[in-house]
Amino acid sequence: MRKKISAAHWKMFKNTKESLAFLDEFLPAIAGHDRDDILIFPTATSLSTVIDRVQDTNVRAGAQTMHWLNEGPFTGQTSPTMLTSIGTTHVLLGHSERRLYANESYEHVNLKLKAAIAHDLIPVLCLGEMLADRQTGYTKDTLLAQMGAALANLPTEKAQTLVIAYEPVWAIGTGSTATPEAADQAHAIIRDDLKNRFGPVVASATRILYGGSVKPDNVSSLLCMPNIDGALIGGASLDPGALAAMVKYKI
Ligand code: PGA
């Protein structure tokens, strides 16, 4: 059985004070809920404060991106060792907004993924097709190409902690959630590719999250599908009551 993950992705929302106010309401609402793993990806400036605040709770906090090198003249970047030095446990890699607005390629994602694993950070690798890919029947090819580039030359023993988030770009922030069947089909493609790459043990243990307009009223229908192991939630995760309700989804 794969333990499901509920992950809140705050993007460029919530300053430190707002992050703490959120946790004041959210943490009591999910206290003792250890059925699933709960993650929050706050902004870079709130990350350290959030990590301190969730210590001794069942919530973990991660970064929204990172560089692959430990230091250097790279303006605006954060390194793996900087993240681990403040207690970061997870890092999102390859989110479509990074690919779109920061020119992040899957070749860069590959370097970041290997660096994350080398520093004991759990990478959450984001993948997903554009609307045009889906409409022209290229969803599978796109996902396999993204997997191929992001996971190139990753040895099986390094793939054990990998988490994947399938996020169709057309579903992010649009209100157009993928149907549970379409999402599950994409997850099955990803799991099959994991099997070809790393073998059946890694493929059946890897958590594959769905992201893209997950809301309290659709989370259960998505998470009851056999290949969907959790949700990466953007907009709807900004409200503590809504996130608590989604964490406690019922099947
Ligand atoms: P959304 O974002 O839930 O607002 O669609 C999801 C994401 O980008 O991770």
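In the next few minutes I will go through the ligand site and the two pockets at the top of the list for this structure, which is a predicted model.

Let me begin with the ligand and its surroundings. There are 13 residues around the ligand, and those that come nearest are K11, H95, E167, G173 and S213. If we sort that shell by class, we find 7 polar residues, 4 nonpolar ones and 2 charged ones.

Turning to individual atom pairs, the side chain of K11 places an N or O atom 2.7 Å from an oxygen atom of the ligand, and for H95 a polar side-chain atom likewise lies 2.7 Å from a ligand oxygen. With G235 the partner belongs to the backbone, where a polar atom is 2.8 Å from an oxygen atom of the ligand. As for how much of the ligand is covered, on its own it has 290 Å² of accessible area, and the protein covers 96% of that.

Now to the pockets, and to the question of which of them holds the ligand. The ligand sits in the second largest pocket, whose volume is about 200 Å³. That second largest pocket is lined by 19 residues, and K11, I172, G173, G234 and G235 are the closest to its centre. In terms of class, its lining has 8 nonpolar, 8 polar and 3 charged residues.

The largest pocket, for its part, contains about 590 Å³ of space. Its lining is made up of 25 residues, with T43, A44, Q64, T65 and R98 lying nearest the centre, and the elements that contribute two or more residues to this lining are α2 (44-54), α3 (80-85) and α4 (96-101). By class, the lining of the largest pocket divides into 12 nonpolar, 10 polar and 3 charged residues.

To return to the ligand before I stop, the point I would keep in mind is that it sits in the second largest pocket, with K11 among the residues that come nearest to it and also among those closest to the centre of that pocket.

Methods:
Residues numbered from 1 in each chain as written. Predicted model: local features only at pLDDT ≥ 70, side-chain atom pairs only at ≥ 80, totals over all residues. Heavy atoms only, no water. Near = heavy atom within 4 Å. Polar contact = N/O pair within 3.5 Å; in protein donor to acceptor, adjacent residues only side chain to side chain. Areas by Shrake-Rupley, 256 points an atom, 1.4 Å probe, with all protein chains shown as cover. 1 Å grid on protein atoms, 1.4 Å probe; cavity = no way out; pocket = protein on both sides within 12 Å on 5 of 7 lines; lining within 4 Å. Sits in = over half its atoms within 2 Å of the grid points. Nonpolar A, V, L, I, M, F, W, Y, C, P; charged D, E, K, R; others polar. Points joined across faces, edges and corners; volume = space filled by probe spheres on them. Helix = DSSP H or I, 4+ residues; strand = E, 2+ residues; numbered from the N terminus.
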